[in-house]
Amino acid sequence: MAHTRHIQQCKAATTDEPDNCHSATGDKHVNESITPEPILQLGLGFMASKTLLSAVELNIFTVLARGGRDRASIATEVGLHPRSSADFLDALVSLSLLNRDDEGIYRNSPTAEIFLDRAKPSYIGGILEMANARLFGFWDNLTDALRTGTQQNEVTHTGAPFFATLSQDPLAWRNFPNGMNGVSTPLAGALASDFDWSGRQHLVDLGGALGAVPAAVLQSHPEMTATVFELPPVRPVFEEFIATHGLSDRLFFHSGDFFSDPLPPADVYIMGQILHDWNLEQRHFLLRKAYDALPDGGTLIAYDAMIDDDRRHNTYGFMVSLNMLIDTDGESEYTVADATDWLAEAGFSKVNYRS
């Protein structure tokens, strides 16, 4: 069987630290360019993070997508107290999320305009909404997770399975697929344009949340159809999302569990942010199941925040892996080399990696 497999890796830019620097107090050879500022920015980074998360929660960027507003108008619209409004909005200016002109009119920065307006298909705020509602508080327990190796989320004291517990809370369940969509949206356009879709007729996104990736592919390739294979509670949120994209006649929902149910037929499978959710045995199972279900010449595309093989540079991948420590009972990110080995063991004959 001539299966192929593409890995899409998310990377975050990092800054190299200077080598051979001495900073002991009183050392006359101290490099005077070394300051504590990077440490302080990192250590107090939660302040800037929460400022952004609150701005998303308050709908600041969606309001300003309708046009520039002065401070009083914004405060009235979103419910800011007079004491907080000036510092809060100008903090967003200093973070390059808003612009303010000489007349005191605030507008979205170009980046915020594209990615933080809820009305746009390019909105990535779902992951920020989930971070605000769930993850921000759980990360306060990172030290406990590091010491105990146990998750620190909703199920810490109940012992109930994560997804089963999450599905019992309508708001949390809605936030979760929206959050996964927020992570997938920036990759969707690149995947739609970079992969050679010629000759492909139907793709299935396994655990595809709301379908950001297949939606992008279908918009670029009108000859194709697609299916999102997801747990039943996701369907209502999926249908809302797809209706806004005008794809209800080409992008379908298939309810099921990819561990226990047959995979829908396709010539391309996508596993986005899936493998890091499961332990090694389950990863092997899913990859083999996908291999067995694909036809000759079929393709599996997988992406996660994979850690670089040297385990030095992909800070984002490490942060996601620590989040898995907090939010799951034993899962983590993995390296590109790990994924390559697993795919070969599953039977895939050709593995391509793109960062």
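Begin by selecting N181 and the residues around it: leaving aside neighbours within four places in sequence, N181 is in contact with G208, A209, L210, G211, A212 and F241. Keep in mind throughout that this is a predicted model.

With N181 still selected, colour the helix that holds this residue, which is helix 10, covering residues 170-194. Is N181 buried or exposed? Its relative accessible area is 4%, and because residues under 20% count as buried, N181 is a buried residue. Now show the side chain of N181 together with the backbone of L210, and you will find that a polar atom of that side chain lies 3.4 Å from the backbone nitrogen of L210.

Next, turn to the largest nonpolar core, which has 58 residues. Which of its members should you select to see those that touch the most other members? They are I60, F61, L89, L92, W197 and L251. Helix 10, which you have already coloured, gives the most to this core, with eight residues. As a general background to this stop, nonpolar side chains tend to be buried together in soluble globular proteins.

From that group, select F61 alone and display what surrounds it: not counting residues up to four places away in sequence, F61 touches L52, A55, V56, L92, L97, L98, N108, A112 and L116. After that, look for a second core, separate from the one you have just visited, which consists of 26 residues and includes V204, L286, Y334 and L343.

Now select V63, whose place is in helix 3, a helix that runs over residues 60-64. V63 is buried as well, with a relative accessible area of 3%. If you leave aside the neighbours within four places in sequence, the residues in contact with V63 are R69, E77 and V78. Then add R118 to the selection and draw a line between the two C-alpha atoms: V63 and R118 are 55 residues apart in sequence, and the C-alpha to C-alpha separation in space is 9.4 Å.

Finally, select the whole protein chain and step back from the single residues. How many helices and strands does the protein chain have? There are 15 helices and 10 strands, and of the 355 residues in the chain, 45% count as buried. Among the contacts with a separation of 6 or more, 70% are accounted for by residues 24 or more positions apart. If you switch on a surface display for this last view, the protein chain exposes about 18200 Å², and carbon and sulfur atoms supply 54% of that area.

Conventions. Residues are numbered from 1 along each chain as its sequence is written. This is a predicted model: local features need pLDDT of at least 70, side-chain atom pairs count only at pLDDT 80 or more; totals for chains, interfaces and linings use all residues. Side-chain values use heavy atoms; hydrogens and water are left out. Helices (H or I, at least four residues) and strands (E, at least two) are DSSP runs, numbered from the N terminus. Buried means under 20% relative accessible area, exposed over 50%, partly exposed in between (1.4 Å probe, protein chains only). A polar contact is a pair of N or O atoms within 3.5 Å; within protein, one must be able to donate a hydrogen and the other to accept it, and residues adjacent in sequence count only if both atoms are side-chain atoms. Contact means heavy atoms within 4.5 Å. A nonpolar core is a set of buried Ala, Val, Leu, Ile, Met, Phe, Trp, Tyr and Cys residues joined through side-chain atoms within 4.5 Å. Accessible areas come from the Shrake-Rupley method with a 1.4 Å probe; for residues, only the protein chains shown count as cover.
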